[in-house]
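This briefing introduces one protein chain to a reader who is new to structural description. Please keep the sequence and the three-dimensional view at hand while reading.

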Amino acid sequence: MNTMMTAFVIWALAGGVMVAFGIYAFYSKRALPFGFWANAKVFEVSDVRAYNRALGKLWCVFGVCFVLLGLPLLGGQNSPYIILSILGCMVEAIVAMVVYVTVIEKKYRTR
């Protein structure tokens, strides 16, 4: 197994962890809402189950897009397409934050 394939497998495993977290949040029956931000207290949620499902969908989409953004790693060493992975991950993270704040948090925050 060459170096590029190893790098992609590691990248795909990281994306798989994100998808697994999304599936866990989506099907969770916990009475506590899952957090999105690291080390931050979750706000008062009006419907915990629907909030967890929405957050699970967000994490699953994020993980799948993350794996797809890793495909340029298979292009070989010194491939100029790796810039797509770098910039794509930055844009993907910003889009996920915007979706969380403007859609999910706005919809499920107790007023």
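## Overview of the chain

The secondary structure of the chain comes to 3 helices and 0 strands. The model is predicted. Along the sequence, the pattern is α-α-α. The points below are grouped by topic.

**Overall dimensions and surface**

- Taken along the principal axes, the C-alpha atoms of the chain fill a box of roughly 50 × 25 × 20 Å.
- The chain has 111 residues, and buried residues make up 33% of them.
- Among the contacts in the chain with a separation of 6 or more, 66% are between residues 24 or more positions apart.
- The accessible surface of the chain is about 7300 Å², and carbon and sulfur atoms account for 71% of this surface.

**Helix α1**

- Helix α1 consists of 24 residues. From its first C-alpha to its last, α1 reaches 35 Å, close to the 34 Å expected at 1.5 Å a residue.
- Which residues of α1 are buried? They are F8, G15, M18, G22, A25 and F26.
- These buried residues of α1 pack against α2.

**Helix α3**

- Helix α3 covers residues 82-108, a run of 27 residues. Its span from first C-alpha to last is 37 Å, close to the 39 Å expected at 1.5 Å a residue.
- Where does α3 bend? The bend is at Y100 and amounts to about 35°.
- The buried residues of α3 are S85, G88, C89, E92, A96, Y100, I104, E105 and Y108. Y100, the site of the bend, is therefore also one of the buried residues, since its relative accessible area is under 20%.
- What covers the buried residues of α3 includes α1 (residues 3-26) and α2 (residues 48-69).

**Individual residues in α2 and α3**

- E105 is found in helix α3. Is E105 buried or exposed? E105 counts as buried because its relative accessibility is 15%, and the limit for a buried residue is under 20%.
- With its neighbours within four places in sequence left aside, E105 is in contact with F43 and Y100.
- G88 also lies in helix α3. The relative accessible area of G88 is 17%, so this residue is buried.
- Not counting residues up to four places away in sequence, G88 touches L69 and I83. The C-alpha atoms of G88 and L69 are separated by 6.5 Å, although the two residues are 19 residues apart along the chain.
- C65 lies in helix α2. C65 counts as partly exposed because its relative accessibility is 33%, a value between the limits of 20% and 50%.
- C65 and G88 are 23 residues apart along the chain, and their C-alpha atoms are separated by 9.1 Å.

**Aromatic rings**

- A pair of aromatic rings is described by the distance of the centres and the angle of the planes.
- How many aromatic pairs does a search of the whole structure find? The search finds 13 aromatic pairs.
- W11 and F66 form one such pair, which is stacked, with 4.6 Å from centre to centre and 5° between the planes. This pair counts as stacked because its planes are under 30 degrees apart.
- The W11 and F66 pair links distant parts of the chain, with W11 in helix α1 and F66 in helix α2, 55 residues apart. F66 has a relative accessible area of 13%, so F66 is buried.
- F36 and W59 form a tilted pair, at 6.0 Å centre to centre and 45° between the planes. The pair is classed as tilted because its angle lies between 30 and 60 degrees.
- The F36 and W59 pair also links distant parts of the chain: F36 is in the loop between α1 and α2, W59 is in helix α2, and they are 23 residues apart. The relative accessible area of F36 is 16%, so F36 is buried.
- W11, F21, Y24, F34, F36, W37, W59, F62, F66 and Y100 form one aromatic cluster.
- R30 lies over the face of F34, at 4.3 Å from the ring centre. F34 is one of the residues in the aromatic cluster.

Conventions. Residues numbered from 1 in each chain as written. Predicted model: local features only at pLDDT ≥ 70, side-chain atom pairs only at ≥ 80, totals over all residues. Heavy atoms only, no water. Helix = DSSP H or I, 4+ residues; strand = E, 2+ residues; numbered from the N terminus. Expected span 1.5 Å × (residues − 1). Bend = angle between axes of the 7 residues up to and from the residue. Buried < 20%, exposed > 50% of the residue type's maximum accessible area, 1.4 Å probe, protein only. Contact = heavy atoms within 4.5 Å. Phe/Tyr/Trp six-rings, centres within 6.5 Å; stacked < 30°, edge-to-face > 60°. Lys NZ or Arg CZ within 6 Å of the ring centre and 35° of its normal. Areas by Shrake-Rupley, 256 points an atom, 1.4 Å probe, with all protein chains shown as cover.
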